[in-house]
Amino acid sequence: MTRAFSHRFKATSMAPVLIAGLPLSAIAEGFIDDASVTLGMRNLYFNRDFRQPAAAQSKQEEWAQGFLLQAKSGYTPGLFGVGIDLIGQLGFKLDSSPERSGSGLLPRHSDGRAVDDYSRLGLAPKLRLSKTELKVGELQPELPILLRNDGRLLPQTFQGGMLTSREFDGLTLQGGQMRSLSQRNSSDHEDLSVDGRGGVFADRFDYVGGEYRFNADRTQVGLWQARLQDIYQQRFYNVSHKQKVGDWTLGANVGFFATQEEGSADLGDLDNRALTSFVSARYAGHTFGAGYQRMYGDDGMVYIAGTSTPLVNDIQVRNFTTAGERSWQVRYDYDFVALGIPGLSLMARYASGDHAEVAGGSDGKAWERDLDITYVIQAGPLKNLGVRWRNAMVRSNHAADVDENRLILTYTLKLF
């Protein structure tokens with residue numbers, strides 16, 4: 001098991017000391033009374049069949065069981081409220097082999113064998129003043145410029161500090177620094193790097209940003225600034241809006257990333273601008289959507305290794321972020337509650353990209369078709385048990401051709 005938190009954050013030992021100095025009644029009020037403890041269970045079967053001629057690996061096929069324990073205290077009363085969060089993760093191999101490993105569910109030994117189990121434990125002491133909160137330790141950021149990846153057995157986590165302020169109605173301000181991360185299939189902490197560009201690392205990712213909701217929460221604008229020390233700096237601008245028109249609900253979201261080298265430019269000059277956009281229309285149980293995404297500049301999208309992005313075409317297998325690539329998407333969702341079947345939902349999606357700059361020219365093409373069916377049991381002894389099937393097909397002239405299936409069972413048990 002990895003250490004609970006990085007030595008860089010010795011402040012994580014402060015919360016127990018501060019709490020220990022309070023009367024028992026004060027600890028119970030808020031700190032314990034507002035606490036919650038949940039145990040999430042995820043059983044995931046993953047099968048990715050490589051279809052291109054002379055593929056280096058025929059398929060990736062693994063089956064694993066994951067457990068995610070999350071304990072969150074409330075805050076002690078007073079001007080400064082003190083609390084602490086805990087996250088514990090445990091994954092077990094159910095089926096794998098060296099020929100079929102590498103799905104991202106499990107860590108691997110040097111000979112390609114998946115480990116039998118892996119785990120990690122992290123703490124995040126927290127401090128609250130009015131509507132401003134500081135957390136330091138093991139974190140799960142969900143920010144447009146740093147979006148943790150939870151697409152396999154266990155979620156990716158980061159080690160650092162996050163400050164969030166909601167002092168003014170509609171306005172959320174955030175800032176922080178990340179120093180290391182634990183990938184979704186790892187027990188270890190590692191320094192930060194750029195996805196697809198291994199070998200160059202940094203231990204400081206700084207960000208600041210804000211989002212403002214207005215117009216009865218129908219409209220939101222966002223502005224973010226981030227930097228990975230001596231590697232890249234990035235800005236993100238975003239606006240979204242939703243509007244009722246009769247029995248329809250219309251929505252639109254547009255975002256723009258601008259990225260260049262920073263400091264000593266350890267990865268050399270960087271030049272990327274990324275446009276992402278999506279419009280939707282919902283009527284009864286039906287939602288129709290269409291998106292457009294484009295990469296500008298000499299480089300593809302720049303982001304922290306292993307993370308997700310808010311780009312519209314960052315989907316099940318591909319993210320269509322090669323330099324010069326332009327891609328579009330059509331999507332259909334249906335909620336079967338409209339037919340009297342609550343808990344059942346369907347999503348079908350098709351995305352296509354072209355003009356990707358690849359070796360030998362700029363005619364890289366790819367398409368992906370996704371199908372996602374989910375059912376969550378609504379009553380009885382198995383209430384809240386979720387069953388999900390995700391299917392994808394990808395064909396490309398510059399990347400792997402794959403047929404993929406994921407079968408996922410989920411259940412969350414509230415312990416406190």
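Q: Two strands pair if DSSP finds at least two bridges between them. With that in hand, which residue in β22 is the bridge partner of Asn-47?

A: Asn-405 in β22 is the one facing Asn-47. Keep in mind that you're looking at a predicted model. The wider setting is strand β1, residues 36-50, which runs antiparallel to strand β22, residues 402-414, with 13 bridges joining the two.

Q: How many bridges pair strand β21 with β22, and in which sense?

A: Nine bridges, in the antiparallel sense, with β21 covering residues 386-396. You can pick out individual rungs of that ladder: Val-394 has Val-402 of β22 as its bridge partner, and Trp-389 sits opposite Leu-407, also in β22.

Q: What joins β21 to β22 along the chain?

A: A hairpin does, with a link of five residues. One residue to find in that loop is His-398. We'll come back to His-398 once the strands are sorted out.

Q: Which strand pairs with β21 over eleven bridges?

A: That's strand β20, residues 361-376, and again the sense is antiparallel. For a landmark, take Ala-366, which stands opposite Ser-396 in β21. Put the pairings side by side and you have β20 with β21, β21 with β22, and β22 with β1.

Q: While I'm tracing strands, where do the side chains point in a regular one?

A: In a regular strand, side chains alternate between the two faces of the sheet.

Q: Moving to another part of the chain, which strands does β8 join, and how do they run?

A: Strand β8, residues 157-168, is joined to β9 by ten bridges, and the two run antiparallel. Thr-157 faces Ser-182 of β9. The pair also forms a hairpin with two residues between the strands, and in that turn Gly-170 has a positive phi of about 85 degrees.

Q: What is the partner of β9 over eight bridges?

A: Strand β12, residues 205-214, which runs antiparallel to β9. Look for Gln-177 and its bridge partner Asp-206 in β12 to line the two strands up.

Q: Which residues other than glycine have a positive phi?

A: Two cases worth a look are Ala-54, with phi near 55 degrees, and His-355, with phi near 65 degrees. Their settings can be read off the strand assignment: Ala-54 belongs to the loop between β1 and β2, whereas His-355 is part of strand β19, residues 344-358.

Q: Is Ala-54 buried or exposed?

A: The cut-off for exposed is over 50% relative accessible area. Ala-54 counts as exposed because its relative accessibility is 83%. For His-355 the value is 31%, so this residue is partly exposed.

Q: And is Ser-186 buried or exposed?

A: Buried means under 20%. Ser-186 comes out at 12%, so it is buried. You'll find Ser-186 in the loop between β9 and β10. Leaving out neighbours within four places in sequence, Ser-186 is in contact with Pro-107, Tyr-118 and Arg-120.

Q: Back to His-398: what is it in contact with, leaving aside its neighbours within four places in sequence?

A: Its contacts include Arg-318, Thr-322 and Glu-325, along with Ala-356, Val-358 and Ala-366. Ala-366 is also the residue opposite Ser-396. As for accessibility, His-398 sits at 24% and therefore counts as partly exposed. For a sense of scale, the C-alpha atoms of His-398 and Gly-285 are 38 Å apart, with their positions 113 residues apart along the chain.

Q: Zooming out, how many helices and strands does the protein have?

A: Two helices and 22 strands. The radius of gyration is 22 Å, close to the 22 Å from the globule rule for 416 residues, so the protein is as compact as a globular protein of that length. Along the principal axes, the C-alpha atoms fill a box of roughly 70 × 60 × 60 Å.

Q: What percentage of contacts join residues at least 24 apart?

A: Taking contacts between residues at least 6 apart in sequence, 60% are of that kind. Buried residues account for 45% of the 416.

Q: What about the surface that the protein exposes, and the charges?

A: About 19,700 Å² is exposed, and carbon and sulfur atoms supply 56% of that area. There are 45 positive and 48 negative side chains, and the centres of the two sets lie 4 Å apart.

Technical notes: Residues numbered from 1 in each chain as written. Predicted model: local features only at pLDDT ≥ 70, side-chain atom pairs only at ≥ 80, totals over all residues. Heavy atoms only, no water. Helix = DSSP H or I, 4+ residues; strand = E, 2+ residues; numbered from the N terminus. Rg over C-alpha atoms; globule rule 2.2 N^0.38 Å. Buried < 20%, exposed > 50% of the residue type's maximum accessible area, 1.4 Å probe, protein only. Contact = heavy atoms within 4.5 Å. Areas by Shrake-Rupley, 256 points an atom, 1.4 Å probe, with all protein chains shown as cover. Lys, Arg positive; Asp, Glu negative; His and termini not counted. Charge placed at Lys NZ, Arg CZ, Asp CG, Glu CD.
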